[in-house]
Amino acid sequence: MISFSLTEEHRHLQQAANKFAQEVIRRVSAEYDRKPDPRDCMPMDIIRKGVELGYSTMTIPEEYGGGGYSMLDFAIAAEEIAWGDAGLACTICGSGRLGVSPSLARGTESQKRKWLSEICSDNSGTYLTAFAATEPGSGSDGISEDPSAGVQTKAIRDGDYYVLNGTKCFISNGGLARLYIVFAKTDPTKGASDGLSVLIVPSGLPGFSIGKIEDKIGFRLCQNAELVFEDVRVPKENLLGEEGDALPIAMDAGCSDGFMAGAFALGLARAAYEAACDYAKRRIQGGQPIIYHQAIGSMLVDMKILIEAGRNLLWKSCWNHDNVGPDIFLASAC
């Protein structure tokens, strides 16, 4: 039988994440959000704190040094952190899924031991990951069977290496991450189903540089950046799965991570609802607070209904993932 009651462990997790959001994130998030230079919008001390608290490694199995939490656990914590600031939730919590779920789904045991253990054992508090598919000319089109469309970044085999050339854009945690999951054409003559592959690319490799840092009107505590690859030599053992496996890897990531966006949106919606209620109680019109105006009250009720419905869908998706398996419909709906 499915229960909507949180366990004691869930409540403890929820309360701890809410305390971090309330006492640490919200104290400074508005200040950082208003900085004119996007490169100054990242509160690294808070990011380190979130990483140290384990919010970036929650769903990595304990055998690799992670928290071993369920997807429902993750969603409960991510909602609270997104309530503090949705951009920062993407930076911290998103790091634990964006570059991790493909490795968990398709990585060899040696790849998991190497990269996931490295993420969890790092003591700097700044080990973040990124998922790099989007490109300037094609957006996130990773399924085109036209070789001239879709992903145009190329990774051509040269002995024990792949030589990576191309550009990615709008990449979350770009310029901050130390590990990137990069989609590239290993056979430029073929479409996505046969010619597109995925490489694990650590930062710092010769020829790998960071281009434009995007200047946004919101979500500024998540850094989105351009990645530039110029003859970057990536060891062949950094290939995830086999050549041509990018589509199933992307589907795995979509099934696993759709609820992540849902959790962030839910936390943000909850914060917006609370702000709207607070304003409606303070704003006087017609001799009374506007919260007592029927039109305003109805709007607030509708907001609350959507939040509750969204949470039910989110928890259902996470429960299904934990107990049955990934479901692309539920993940996409979230």
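Me: Where does Ser 95 lie?
Reply: In this predicted model, Ser 95 is in helix 5, which covers residues 95-98.

Me: Is Ser 95 buried or exposed, and how do you know?
Reply: Ser 95 has a relative accessible area of 2%. The cut-off for buried is under 20%, so Ser 95 counts as buried.

Me: What does Ser 95 touch once its neighbours within four places in sequence are left aside?
Reply: Its contacts are Ser 56, Cys 90, Val 100, Tyr 127, Leu 128, Thr 129 and Asn 173. A contact here needs heavy atoms within 4.5 Å.

Me: What about Pro 102: where is it, and why is it called buried?
Reply: Pro 102 sits in helix 6, residues 101-106. Its relative accessible area is 1%, and buried means under 20%, so the label fits. Beyond four places in sequence, Pro 102 touches Arg 97, Gly 107, Phe 131, Ile 181, Leu 240, Ile 249 and Ala 253.

Me: How far is Pro 102 from Asp 278, in sequence and in space?
Reply: They are 176 residues apart in sequence and 41 Å apart in space, C-alpha to C-alpha.

Me: And how far is Lys 216 from Pro 38?
Reply: That pair is 178 residues apart in sequence, with 7.7 Å between the C-alpha atoms. Lys 216 is in the loop between strand 6 and strand 7. Apart from neighbours within four places in sequence, Lys 216 is in contact with Cys 222 and Asn 224.

Me: Which phenylalanine in that loop has a positive phi?
Reply: Phe 219, with a phi of about 55 degrees although it is not a glycine. Phe 219 lies between strand 6 (208-213) and strand 7 (224-235).

Me: Why is Phe 219 called partly exposed?
Reply: Its relative accessible area is 36%. Buried is under 20% and exposed is over 50%, so 36% lands in between and Phe 219 is partly exposed.

Me: What is the phi of Phe 170, and where is that residue?
Reply: Phe 170 has a phi near 60 degrees, also a positive value in a residue other than glycine. Phe 170 belongs to strand 3, residues 161-172.

Me: On to helix packing. What makes helix 1 and helix 2 roughly antiparallel?
Reply: The axes of helix 1 (residues 8-33) and helix 2 (residues 44-52) come within 10 Å and cross at roughly 160 degrees. Anything over 145 counts as roughly antiparallel, so this pair qualifies. The crossing of helix 1 past helix 2 is left-handed. Helix 1 brings Phe 20, Val 24, Ile 25 and Val 28 to the contact, while helix 2 brings Ile 46, Lys 49 and Gly 50. By class, that contact has five nonpolar residues, one polar and one charged.

Me: How do you know whether helix 1 is roughly parallel or antiparallel to helix 3?
Reply: Helix 1 and helix 3 pack at about 25 degrees, with their axes 7 Å apart. Under 35 degrees is the cut-off for roughly parallel, so that is what they are. Here helix 1 passes helix 3 in a right-handed crossing. Helix 1 residues in the contact include Leu 13, Ala 17, Phe 20, Ala 21 and Ile 25, and among those of helix 3 are Leu 72, Ile 76, Ala 77 and Ile 81. The contact divides into ten nonpolar, six polar and three charged residues.

Me: Why are helix 3 and helix 10 called roughly antiparallel?
Reply: Helix 3 (residues 71-84) and helix 10 (residues 294-323) pack at about 150 degrees, with axes 8 Å apart. The threshold is over 145, so roughly antiparallel is the right name. Met 71, Leu 72, Ala 75, Ile 76 and Glu 79 in helix 3 meet Arg 311, Leu 314, Trp 315, Cys 318, His 321 and Asp 322 in helix 10. Seven of the contact residues are nonpolar, one is polar and three are charged.

Me: Zooming out, how many helices and strands does the protein chain have, and what makes it as compact as a globular protein of that length?
Reply: The chain has eleven helices and ten strands. Its radius of gyration is 21 Å, close to the 20 Å that the globule rule gives for 334 residues, so the chain is as compact as a globular protein of that length.

Me: What share of the residues count as buried?
Reply: Of the 334 residues, 49% do. As for contacts with a separation of 6 or more, 73% join residues 24 or more positions apart.

Technical notes
Residues are numbered from 1 along each chain as its sequence is written. This is a predicted model: local features need pLDDT of at least 70, side-chain atom pairs count only at pLDDT 80 or more; totals for chains, interfaces and linings use all residues. Side-chain values use heavy atoms; hydrogens and water are left out. Helices (H or I, at least four residues) and strands (E, at least two) are DSSP runs, numbered from the N terminus. Buried means under 20% relative accessible area, exposed over 50%, partly exposed in between (1.4 Å probe, protein chains only). Axes are lines fitted to C-alpha atoms, for helices over the stretch in contact, and angles run from 0 to 180 degrees between N-to-C directions. Angles under 35 degrees count as roughly parallel, over 145 as roughly antiparallel, 65 to 115 as roughly perpendicular and the rest as oblique. A crossing is left-handed if the near helix is turned anticlockwise from the far one by less than a right angle, and right-handed if clockwise. Ala, Val, Leu, Ile, Met, Phe, Trp, Tyr, Cys and Pro count as nonpolar, Asp, Glu, Lys and Arg as charged, and the others, Gly among them, as polar. The radius of gyration is taken over C-alpha atoms; the globule rule is 2.2 Å times the number of residues to the power 0.38.
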